[in-house]
Amino acid sequence: MSASPLHGLTIDSIRAGLIEKKFSAEELARQSLAYAEAENAKTNAYLTFSTERALNAARAVDSKLARGEDPGALGGVPIAVKDVIVTRGLRTTCGSKLLEKYIPPYDATAVIRLEQAGGVILGKTNCDEFAMGSSNENSAFGPVRNPVALDRVPGGSSGGSAAAVAQGTAVVALGSDTGGSIRQPASFCGISGVTPTYGRVSRYGLTAFASSLDHIGPFGRTTRDAARLLQVIAGRDEMDATSAFAPVPDYAAALDGNIKGVKIGLPCEYFEGLASDTGDRIMEAVEVLKKLGCEVRDIQLPHTPYAVAAYYIIATAEASANLARYDGVRYTTRSADATTLSEMYRMTREEGFGDECKRRIMLGTYVLSAGYYDAYYLKAQKVRALIAQDFVRAFEQVDAIVAPVSPFPAFKLGEKVNDPISMYLSDIYTVTGDLAGIPCMSVPCGSASSGRDTTSGRDTTSGLDTIGLPVGLQILTKHFDESTMFRIADAYEKASHS
């Protein structure tokens with residue numbers, strides 16, 4: 001099987017093909033499943049395939065079409081779902097040995113909305129354990145490989161979903177983002193990835209990592225596809241008290257290519273320490289935006305240097321509380337060697353959690369402990385408020401902010417796995433958006449021929465003379481203004497491909 005059956009297909013073209021009877025939803029689902037299963041050995045993007053569920057959903061779409069009914073906004077579209085988002089009757093592992101055999105009794109709200117719109121879920125994608133990681137090397141079921149360069153990471157923690165879309169084994173996918181886990185994989189794999197405003201999409205059914213930071217968001221090969229997917233899953237949900245009442249606009253309708261007069265801010269703090277080629281690609285994208293009529297001005301986000309420290313204090317504190325439920329009592333794999341209750345707790349968690357989860361649980365427990373709460377957790381929350389205020393002030397001057405997603409392109413598998421600090425610093429440009437709760441996305445803006453990691457000084461350029469690694473342009477807008485973000489991304493995408 002040489003070419004993906006999904007090559008060149010978008011949500012709109014699939015709808016048109018179904019209506020014009022060029023193919024049926026079931027035919028597309030069967031071909032997509034066969035291709036995804038055959039290609040999965042290369043990237044390890046999928047952990048579980050949902051063959052019967054996918055075929056049943058596809059047949060339902062064909063039945064609607066046969067009756068002359070609307071197949072839905074996502075009718076017949078092959079979709080992948082990150083394995084931290086629960087699916088009724090379909091294994092959901094969160095990339096952990098603890099949940100290797102867990103079958104959820106309910107669907108996440110986002111999954112329900114996908115299928116109500118006619119989406120065809122092909123399977124669950126590999127991810128860093130409990131969404132903790134920046135490279136997708138922390139999964140208990142092996143790392144995901146970047147389809148652009150198989151010796152490179154796809155980014156984390158939603159690397160499996162990004163790899164599936166980039167590889168052509170799904171048209172669109174769902175991921176989750178806590179500190180950049182959608183935008184960074186999208187950047188590394190050369191696709192679009194969206195972190196919506198906190199509360200825009202229900203978190204019901206998303207396995208909690210850090211509850212005040214977690215988002216569900218879409219991946220797509222185009223901005224329009226990502227916008228259409230977000231349209232379907234967004235909106236208030238009674239099952240999630242933190243979901244917003246804000247109305248959901250028609251995102252795709254706003255993609256007219258006209259961004260003349262839009263004010264764009266360039267934060268000086270985001271352009272320090274960039275790999276040279278990455279910085280070059282970002283500035284080339286800025287020039288394209290200028291030609292499209294945008295007004296570009298320099299701005300400052302002065303508390304950015306404190307973002308990584310604040311993020312990893314807040315995120316690990318919330319993780320230590322959320323992961324306490326995985327103790328062998330209820331739905332997790334239980335240690336077979338335990339003879340007492342205390343041994344069951346300790347040994348189940350010792351055997352089940354990977355190194356990164358253990359590291360974050362210990363860090364989180366420490367910063368919440370007596371005598372350290374004020375010094376670390378409370379101070380981090382104050383810094384978070386200052387970072388959010390930076391963005392509020394910035395958006396009084398500009399309509400959007402553009403910046404890099406990562407200081408460098410995709411790094412090699414194993415390169416940073418034993419260097420947690422260097423790994424954490426790869427999130428330096430993405431954690432701010434999550435801390436502020438604003439919408440942000442990555443859109444492809446060319447490729448880099450240099451893989452020099454400026455945080456470590458190591459050169460990772462081998463093999464890049466003949467293969468470029470994708471670079472992502474990050475676009476950030478004010479709360480619930482995803483429409484402006486999509487307009488800029490779509491206009492840039494069209495201009496850069498013309």
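Start where the two domains meet: in this predicted model, 21 residue pairs are in polar contact between domain 1 and domain 2, both partners at pLDDT 80 or more. To see the two sides, colour 11-254 as domain 1 and 263-309 plus 374-497 as domain 2.

Next, on the domain 1 side, select helix 6 (183-189), strand 5 (192-195) and helix 7 (223-233), the elements that each give two or more residues to the face touching domain 2. Helix 6 supplies the largest share of that face, six residues. Colour the face by class and you get 22 nonpolar, 17 polar and nine charged residues.

Now show both sides at once. In all, 48 residues of domain 1 are in contact with 48 residues of domain 2. The size of an interface is often given as the accessible area lost when the parts come together. Here the two domains bury about 3,600 Å² between them, with 58% of it on carbon and sulfur atoms. Their C-alpha centres sit 23 Å apart.

How many salt bridges cross the interface of domain 1 and domain 2? The rule finds two. For a salt bridge to zoom in on, pick Arg183 and Asp434, whose side chains come to 2.5 Å, N to O.

**Into domain 1: helix 4**

Select 109-116, which is helix 4, and show the side chains of its buried residues: Thr109, Ala110, Val111, Arg113 and Leu114. What covers them? Switch on helix 3 (51-66), strand 2 (78-82), strand 3 (120-125), strand 4 (172-177), strand 6 (215-220) and helix 7, which are among the elements over those buried residues. Then step just past the helix to Gly118, where phi is positive, near 90 degrees.

**Backbone oddities**

Most residues other than glycine have a negative phi, and most peptide bonds are trans. A few spots here are worth a click on that account.

- Cys94, in the loop between strand 2 and helix 4, is not a glycine, yet its phi is positive at about 55 degrees. Cys94 counts as buried because its relative accessibility is 1%.
- Phe130 is in the loop between strand 3 and helix 5 (159-167). Phe130 is another non-glycine with a positive phi, about 50 degrees, and its 1% relative accessibility makes it buried.
- Ser157 also lies in the loop between strand 3 and helix 5. Look at the bond leading into Ser157 from Gly156: this peptide is cis, with omega near 5 degrees.

**Salt bridges to finish**

Side chains of opposite charge can pair when their charged atoms come close. A search of the whole structure turns up 22 salt bridges, so here are a few to try.

Select Arg59 and Glu26, which meet at 3.5 Å, N to O. They tie together distant parts of the chain: Arg59 is in helix 3 and Glu26 in helix 2 (residues 25-43), 33 residues apart. Arg59 is partly exposed, at 31% relative accessibility.

Hop over to helix 8 (residues 276-291), home to both Glu284 and Arg281, three residues apart, about one turn of the helix. Their closest N and O atoms are 2.9 Å apart. Which of these residues is buried and which partly exposed? Arg281 is buried, with a relative accessible area of 15%, while Glu284 is partly exposed at 42%.

Last pair: Arg297 and Glu295, bridged at 2.3 Å, N to O. Arg297 is partly exposed at 28%, and Glu295 is partly exposed at 36%. Finally, select Glu26, Arg30 and Arg59 together: salt bridges with shared partners join them into one network.

Technical notes: Residues numbered from 1 in each chain as written. Predicted model: local features only at pLDDT ≥ 70, side-chain atom pairs only at ≥ 80, totals over all residues. Heavy atoms only, no water. Domains from an automatic or database assignment. Contact = heavy atoms within 4.5 Å. Buried area = accessible area lost by both parts, 1.4 Å probe. Salt bridge = Lys/Arg side-chain N within 4 Å of Asp/Glu carboxyl O. Polar contact = N/O pair within 3.5 Å; in protein donor to acceptor, adjacent residues only side chain to side chain. Helix = DSSP H or I, 4+ residues; strand = E, 2+ residues; numbered from the N terminus. Nonpolar A, V, L, I, M, F, W, Y, C, P; charged D, E, K, R; others polar. Buried < 20%, exposed > 50% of the residue type's maximum accessible area, 1.4 Å probe, protein only.
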